[in-house]
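Student: I have a few labels I'd like to check against their cut-offs. Can we go through them one by one?

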Amino acid sequence: MTHPVDILLVLVILLNFLVLGTPSLRMTIRGAALQGTLLALLPLLVHRGFGWRVAAIAVATMALKGLLIPGLLEKAMRDVHIRREVEPYVGFVPSLFLCAVGTALAILFSGNLPLAPEHAGTLLVPASLATLLSGFLVLTTRKKAISQVVGYLILENGIFIFGQLLIEAMPFLVEAGVLLDLFVGIFIMGIVINHIRQEFSSLDTELLSELKD
Amino acid sequence: MEAASPGGVLLLGAIALVALSGLPGLIARKGGSGGERLSALLVGAGALLGLVASARVLFLGRSFRVELPSPLPGGPLLLAADPLSALFLVPVFLVPALGAVYGLGYWPEAEHRRDARKLRFFYGLLAASMAVVLLARSGVLFLVAWEVMALAAFFAATTEDRQPEVREAGWIYLVATHAGTLGLFGMTALLARTTGGFAWEAPEGGLAVTASSSVVFLLAVVGFGGKAGLFPFHFWLPGAHGGAPSHVSAVMSGVMLKVGLYGLLRVVSLYGAPPAWWGGLLLLLGAGSALFGAALAAGQGDVKRLLAYSSVENVGIVTTGIGLALLGRSAGRPEWVALGLGGALLHVLYHSLFKPLLFLGAGAVIHGAGTREMDRLGGLLRRMPRTGAAFAAGCAAALAFPPLAGFFSELVVYLGLFRAFAGPDSSLLAAFAAPALAVAGAVALAAFTKLFGVAFLGSPRSDEASHAHEPGRAMLVPILALALLVAVAGLLSPLLAPGVDAAIRAWVAPAVPPGSVEALLHPVPPLASLVPLGTIALLGAALLGLLALFAGLLALRLRRASVARGATWDCGYARPTARMQYTGSSFGDWISGRLTPAAAAPVLEVRRPEGSFPRSAAVSAPRARDPLLRRLLEPFASRWARRFHDLHALQEGRLTIYLVYVLGTLVALLAWSALRGWVLPR
């Protein structure tokens, strides 16, 4: 637990709980933003060599996940005048409990994975799985479209952590592509959210089921 | 046989022209006539090239084989044309070309802005994919082309998808064709396991027959028989052929069914010594098809559905011939092979002339009189004399009246059946097949008498029918061209016989390679040595000449005499009305009471008025519904539909629920792999 990477990852896991436990949309967005910023530091710590490539990824991630996307979301939040997530499908305490169970399962499970020796001791895989699960939880238990976008963001953070295992094997282009994908996805969702509000004067995705086949 | 043969280039070019014929129309101005003319021109040009290439293969023996590298698994794409493919290619090019011209008048862009482009696009694709199916020699390419063909036919047949019955028929067709394709997937996989590759080419002496090859055969019968409309897999056919635009019906009924038969022939030809029960099964199914198709045709009140059931009958006749040829293969009787397959192939050619003729004629009737219900037609021969005469020729050919096309092919099949049960080591099944075909022919005679008599003779039964008119030139020319072909094709059969012989040799070649001892000891005799086709053709020509002479004399006499025109069938009444005539239903009632089983009899569909202020109530015209569909498949399907209905609750249409499914699956997988780590030793 002394490795700086692990301290960072524990913070990331705690932020999962923060996002799941708060009804305030602003807190949710800020939690996700902080998580993104912390994760941006991850490549620098995982890799001893300080190459320009790693630095570029760190800077791009920080700019996107820490500043640009949260900014977009906060703007959307202001535009649609919503501050709180009320009445999620699953209450805040039960979802915290689920998150705890998921995190425990993730730690148990990753003990069984055949990992490369340099990753075996760290929290990389459990944190990745736990973040993935929390992202899924946010996506599935919240009704407001903005919360769901945050869930998507956290889900992607989980994938990002997992990607650190492969950073040497993965071409730069793939990571840049993933970041761009994420940005475009959230950008479009931001626009869609605005349009949904204009059309339906509500952001409850429950009401969108009227549109099904 | 080299890869870059001129025949191959010609044929593939022709296919490309036909396939792309609908494309320019997609970008042409909507409602303008440029796109449709260009498309008909492209189909016509492609068909001309294709017919030349097919004739080269069929009569000059210029077979070719092309191997294209492919990124798909399953080896290179093999395309080859032997006389067997070439014989089936002739209708594949001829009928769509005539149909495309017909379509200019029948489904013009100006009147069908909504769907004419879609129809033309899929029409070209349908024709081209059928040609690729006939050339494909590797399983993967075959299945791809087969599926393109099935889907193009679906979209072409459901052009009028605003009508609920067309949609329903389309769904039934789609289910049937995919069930068949599933069978073909299984067949291809089994075949590939036997041969060790996806190429459909037999080793010297043919494939050995094992237990798995019987499964291959049965799957082929289901898959190909389903496409061919063979009883009991024909249930999709009448609806789909009846609901399609008439030139699409002509292609589907006249050509696409034959592609199914071709597939069956091609796969069976790979085997060295087919067991006797293969041929026996085909004889049974063929005879059953002929009887069943004729019986149900007699009960139909819809012109196009009647024609579609008649196709089931004709496919039965062809299948009987194929069954006889297979029996001949297993019994070592080359003359059964020659007569059975020769008759079958001739009938394939001739049916692809007279059935499109009848469908195009029926289209002209729909166009002119505005209805397909026989009981609303009548007296059309006076109002549409040319269409009527051509339609009469088509009916006569379908009934095998000498010397028209159908007569020659059915004669050869009958002679084969006679030989099979008259000679030594006779086949009992063949002894039953011949009378079954004869009975089917008699019932078909009644059915076509009803069709022609009710629709074209007598007096009009409705206002629409009394205002019927001859179609425009674009529709009339293909009809008359086909009528001419139907009249002379039979007389030309001595000239066609060498081509048919070449196709038969190509069918036998994988099992008995030319030059082998078996081929020298028991060669398949040429058709002309078994049947005096030339003499019959001469007699037929003489008969036609006599008829023409008689007609000329009659016309001459009529010109001198004074002729009074009155209502048809007025039977001496002072004031006859159209309601005094036979109707299709009354005539059909007479048939179905005596000639056909009760299951095929027409029934009334009654929708009773319900409640004090009923919304609607109706009694339909009596129509024979397919007993197979009504008693077996519909209850079966609706039972399963009810069961699956409960599953519909899972598909809620709410994104959150779907994400929960994903999450659940993910957690289950994680849990499973974690537990496996604990339970199983590493």
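Tutor: Sure, and let's begin with Pro403(B), which sits in the loop between helix H15 (385-398) and helix H16 (405-422) of chain B. Keep in mind that this is a predicted model.

Student: What makes the peptide bond from Pro402(B) to Pro403(B) cis?

Tutor: Look at omega: for the bond from Pro402(B) to Pro403(B) it is near 0°, and the bond is cis. Most peptide bonds are trans.

Student: Where is the cis bond that has an omega of about 5°?

Tutor: That one joins Phe231(B) and Pro232(B). Pro232(B) is also a loop residue, between helix H8 (211-228) and helix H9 (237-243) of chain B.

Student: Back to the loop between H15 and H16 of chain B: what is notable about the phi of Ala400(B)?

Tutor: Ala400(B) has a positive phi, about 60°, although it is not a glycine. Most residues other than glycine have a negative phi.

Student: And how do you know that Ala400(B) is buried?

Tutor: Count its C-beta neighbours: Ala400(B) has 23 inside 10 Å. The cut-off for buried is 20 or more, so Ala400(B) qualifies.

Student: Why does Ser246(B) count as buried?

Tutor: By the same reasoning, Ser246(B) has 29 C-beta neighbours inside 10 Å, so it counts as buried. Ser246(B) belongs to helix H10 (residues 246-269) of chain B. Leaving aside residues up to four places away in sequence, Ser246(B) touches Tyr106(B), Phe359(B), Leu360(B), Ala362(B), Gly363(B) and Ile366(B). Take Ile366(B): it is 120 residues from Ser246(B) in sequence, while their C-alpha atoms are 9.0 Å apart in space.

Student: Why is strand S2 (residues 77-81) of chain B called largely enclosed?

Tutor: Five of its five residues are buried, so the rest of the structure largely encloses S2(B). Both faces are covered: Leu77(B), Leu79(B) and Ala81(B) are buried on one side, and Leu78(B) and Ala80(B) on the other.

Student: What makes strand S1 (residues 64-68) of chain B and S2(B) a pair?

Tutor: Pairing takes at least two bridges, and five join S1(B) to S2(B). The two strands run antiparallel, and one of the pairings puts Leu68(B) opposite Leu77(B) as its bridge partner.

Student: Over to chain A. What is its secondary structure made of?

Tutor: Chain A has eight helices and zero strands. Of its 213 residues, 36% count as buried. Among chain A contacts between residues at least 6 apart in sequence, 76% join residues at least 24 apart.

Student: Why are helix H2 (residues 25-46) and helix H3 (residues 52-80) of chain A called roughly antiparallel?

Tutor: H2(A) and H3(A) pack at an angle of about 175°, with axes 7 Å apart. Angles over 145 degrees count as roughly antiparallel, so that is what H2(A) is to H3(A). The residues in this contact divide into 16 nonpolar, four polar and three charged. Among them are Leu25(A), Ile29(A) and Arg30(A) from H2(A), and Lys65(A), Glu74(A) and Met77(A) from H3(A).

Student: Last one: how do you know that domain 1 and domain 2 of chain B touch, with C-alpha centres 30 Å apart?

Tutor: The contact takes four residues from domain 1 of chain B and six residues from domain 2 of chain B. The domain 1 side has two nonpolar, two polar and no charged residues.

Key: Residues numbered from 1 in each chain as written. Chains lettered and ligands numbered in written order. Predicted model: local features only at pLDDT ≥ 70, side-chain atom pairs only at ≥ 80, totals over all residues. Buried ≥ 20, exposed ≤ 12 C-beta atoms within 10 Å, placed from the backbone. Helix = DSSP H or I, 4+ residues; strand = E, 2+ residues; numbered from the N terminus. Contact = placed C-beta atoms within 7 Å. Nonpolar A, V, L, I, M, F, W, Y, C, P; charged D, E, K, R; others polar. Axes fitted to C-alpha atoms, helices over the stretch in contact; angles between N-to-C directions. Parallel < 35°, antiparallel > 145°, perpendicular 65-115°, else oblique.
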